[in-house]
There are 2 protein chains.
Amino acid sequence: MKVLVTGAAGMLGRKFCEKLVAVRSIAGKEVEGLTMADIVDPPPIAGTPFPIQSAACDLAEPGVAEELVAHRPGIILHTAAIVSGEAETDFDKGYSINVDGAINLFEAIRNAEYRPRVIFTSSIAVFGAPFPEVIGEEFFLTPLTSYGAQKAIGELLLADYTRKGFFDGIGIRLPTICVRPGKPNRAASSFFSSIIREPLNGQEAVLPVPDTVRHWFASPRSAVGFFFRAAEIDGQLVGPRRTLSMPGLSVTVGEMIESLRRCAGDERANLIHRSPDATIMRIVEGWAQALDASRAKQLGFEAETDFDEIIRAHIEDEQIKL
Amino acid sequence: MKVLVTGAAGMLGRKFCEKLVAVRSIAGKEVEGLTMADIVDPPPIAGTPFPIQSAACDLAEPGVAEELVAHRPGIILHTAAIVSGEAETDFDKGYSINVDGAINLFEAIRNAEYRPRVIFTSSIAVFGAPFPEVIGEEFFLTPLTSYGAQKAIGELLLADYTRKGFFDGIGIRLPTICVRPGKPNRAASSFFSSIIREPLNGQEAVLPVPDTVRHWFASPRSAVGFFFRAAEIDGQLVGPRRTLSMPGLSVTVGEMIESLRRCAGDERANLIHRSPDATIMRIVEGWAQALDASRAKQLGFEAETDFDEIIRAHIEDEQIKL
């Protein structure tokens, strides 16, 4: 089985590739080769048991997608995207990568006339307030950001290309990924990871919202697990509604902090400083608090069921010494 | 007020233009000029009180949309589309006109840097079975045709361009239009109009489905009324969910025939011959039977409330002598 990953320099794309190198198989088949594509050259992975090809390329440019699918990868994980903040400030760039880039990839596969499994990463940003406390499987998509609109368009295209038999697509509607390793960024959601990650590293973190704020999370480890599951499930069982809301954990910020206290002690938990930020509070109010993920669960997708697990996964995966 | 209509040679575009000529005003303002654009040159309308420009052009071609919006029409009715049957058989043509064409128009308006009211015609084809008997205002879009996917993408783009302030868009999710004047076509839905239109003209008609089949209708007259209402409503009242399910009438084929009997007598109603067609029955089973149109109704959109009205509107509008 050959595998292509777009956005392979991104956090989730990278972790998926590392896992692939570690386990050497996917969807019950041995991995024969991996192409890691991104706008920047993805750093190499050490000790690979199969050939890895790195490609620094822009999917929005003509001919690029054709080259990536020329060796007919049987599994294509499409995570390449402009993130929500940038898609909102740079309208053209967002549509260029998030919509045109997806269309170019889908068209290249269609024109190559074979039928790989295509895993498309979508987001809870396809939902815009007002919505119920738990967003049902049949709740409609009302994005309130360009990023959300672009992901919703991707979901529609994925379903239509699959229905027409051009490929076999599965959409994965990811929860907010927490704990993200690395440094804080300027995304409005950045604090959700910061308030866990920084204290675990002995650093202070700022909490800009009240402890009562509730949101929907899964760990990077679960996200990678979703991709592996999406690679192997029988497409017939999914039916025409190709995108699945992934399971996640609905917790409040207060519960996250209590969990940190349990996992790492009072001293670390006390490194969180409350500094309310009206702008961030307003943005976060428009975000989903929980989703019904019954379909995905029935299809064998699994996520953490308490936040201690999410913190412990981060400590293990990032090899943090407490 | 200048007005631009795309798809002006189509049945609804044409009827809207004729009404505009008859009433001479829209959204409380006098019409100063009308551009009728279509892939074929729209036939002229007699006795116009304001200048009408005809444009035979393809919105999918570069530069065309820019030319159409160069004189800054304050109201743009976008009905140009490849219909569902053709969009299903010619995948590229459908996306080219129904998605790229819409994007070209939207981008041309954005680049012209003014903020017209854009009325986008969507369709109940954005919904795909299974769905509830009455499709709620928050039911999700799960098109099962390329046409439906293309219209759903148009709805998402309309909302995002409006949210960003590039124009002021209103999406109009039309019921099946009945009675369509003219000749039967090869659309699976063609019989809904045929079984009324042909008998009224003293001709025989074939009914390929059981009398119990239920569907969702509005007359061409109501559709034109929706466009006029969409031109004038306060966009602020619509909020970020820019597409509205239009009111319609949910009736069974049996009720339609009884209505024909009341309006035109037994002799005409007996011109309908039952000839079940399994293919058409299967297609029709996947169609919406009724929609909740509460939002549109609250905003003053109105449709027929019984099928006799729909038949009488057809008899009047098409000047049929019984």
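This report walks through the interface, the salt bridges and the cysteines of a predicted two-chain model.

## How the two chains meet

Start with the contact between the chains. On the chain B side, 31 residues are in contact, and they meet 31 residues of chain A. The size of an interface is often given as the accessible area lost when the parts come together. For chain B and chain A that comes to about 2,700 Å², with 58% of it on carbon and sulfur atoms.

There is a fair bit of polar chemistry to look at here too. The rule picks out 20 residue pairs in polar contact across the interface, both partners being at pLDDT 80 or more. As for which elements of chain B do the touching, α4 (91–112) and α5 (146–163) each supply at least two residues of the side that faces chain A. The most comes from α5(B), which gives nine residues. Sorted by type, the residues on this side of chain B split into 17 nonpolar, ten charged and four polar.

## Charges across the interface

How many salt bridges does the rule find across the interface of chain B and chain A? The count is six. One salt bridge between the chains joins B:Arg110 to A:Asp92, with the closest N and O atoms 2.7 Å apart.

There is also a linked set that draws on both chains: A:Glu88, B:Asp160, B:Arg163 and B:Lys164 sit in a network of salt bridges.

## B:Arg241, a buried arginine facing chain A

B:Arg241 deserves a stop of its own. This arginine is in the loop of chain B between α8 (235–238) and β12 (243–245). Is B:Arg241 buried or exposed? The relative accessible area is 15%, so B:Arg241 is buried.

Now for what surrounds B:Arg241. The side chain reaches across to A:Pro130, coming to 2.6 Å from the backbone oxygen of that residue. Leaving out neighbours within four places in sequence, the contacts of B:Arg241 in chain A are with A:Gly128, A:Ala129, A:Pro130, A:Phe139, A:Phe140 and A:Thr142. From chain B, the contacts are B:Glu138 and B:Arg295.

## Salt bridges within each chain

Over all chains, the search turns up 40 salt bridges. One of them is in chain A, where the side chains of A:Arg242 and A:Asp168 meet at 2.8 Å, N to O. A:Arg242 is in the loop between α8 (235–238) and β12 (243–245) of chain A, while A:Asp168 belongs to strand β8 (residues 168–174), so this pair ties together parts that are 74 residues apart in sequence. Both ends count as buried: A:Arg242 has a relative accessible area of 7%, and A:Asp168 has 15%.

Chain B has a salt bridge between B:Arg242 and B:Asp168, at 2.8 Å, N to O. Here B:Arg242 is in the loop between α8 and β12 and B:Asp168 in strand β8 (residues 168–174) of chain B, so the pair ties together parts 74 residues apart in sequence. B:Arg242 is buried at 6% relative accessible area, and B:Asp168 is buried at 15%. For another setting, look at B:Arg261 and B:Asp266, whose closest N and O atoms are 3.1 Å apart in a salt bridge. B:Arg261 is partly exposed at 26% relative accessibility, and B:Asp266 is partly exposed at 45%.

## Cysteines without partners

How many disulfides does a search of the whole structure find? It finds zero over all chains. B:Cys17, for one, is in no disulfide, and the nearest cysteine sulfur, that of B:Cys57, is 13 Å away. B:Cys17 is also buried, at 0% relative accessibility.

Why does B:Cys178 have no bond to B:Cys263? B:Cys263 holds the cysteine sulfur closest to that of B:Cys178, but the two are 12 Å apart, which is too far for a bond because a disulfide needs the sulfurs within 2.5 Å. Like the previous example, B:Cys178 is buried, with a relative accessible area of 0%.

## A buried serine in α6

Last, a residue in a helix. B:Ser190 is found in α6 (residues 190–200) of chain B. At a relative accessible area of 11%, B:Ser190 is buried. Not counting residues up to four places away in sequence, B:Ser190 touches B:Pro184 and B:Asn185.

Note on methods. Residues are numbered from 1 along each chain as its sequence is written. Chains are lettered from A and ligands numbered from 1 in the order in which they are written. This is a predicted model: local features need pLDDT of at least 70, side-chain atom pairs count only at pLDDT 80 or more; totals for chains, interfaces and linings use all residues. Side-chain values use heavy atoms; hydrogens and water are left out. Buried means under 20% relative accessible area, exposed over 50%, partly exposed in between (1.4 Å probe, protein chains only). Contact means heavy atoms within 4.5 Å. Buried area is the accessible area (1.4 Å probe) that two parts lose on being put together, summed over both. A salt bridge is a side-chain nitrogen of Lys or Arg within 4 Å of a carboxyl oxygen of Asp or Glu. A polar contact is a pair of N or O atoms within 3.5 Å; within protein, one must be able to donate a hydrogen and the other to accept it, and residues adjacent in sequence count only if both atoms are side-chain atoms. Helices (H or I, at least four residues) and strands (E, at least two) are DSSP runs, numbered from the N terminus. Ala, Val, Leu, Ile, Met, Phe, Trp, Tyr, Cys and Pro count as nonpolar, Asp, Glu, Lys and Arg as charged, and the others, Gly among them, as polar.
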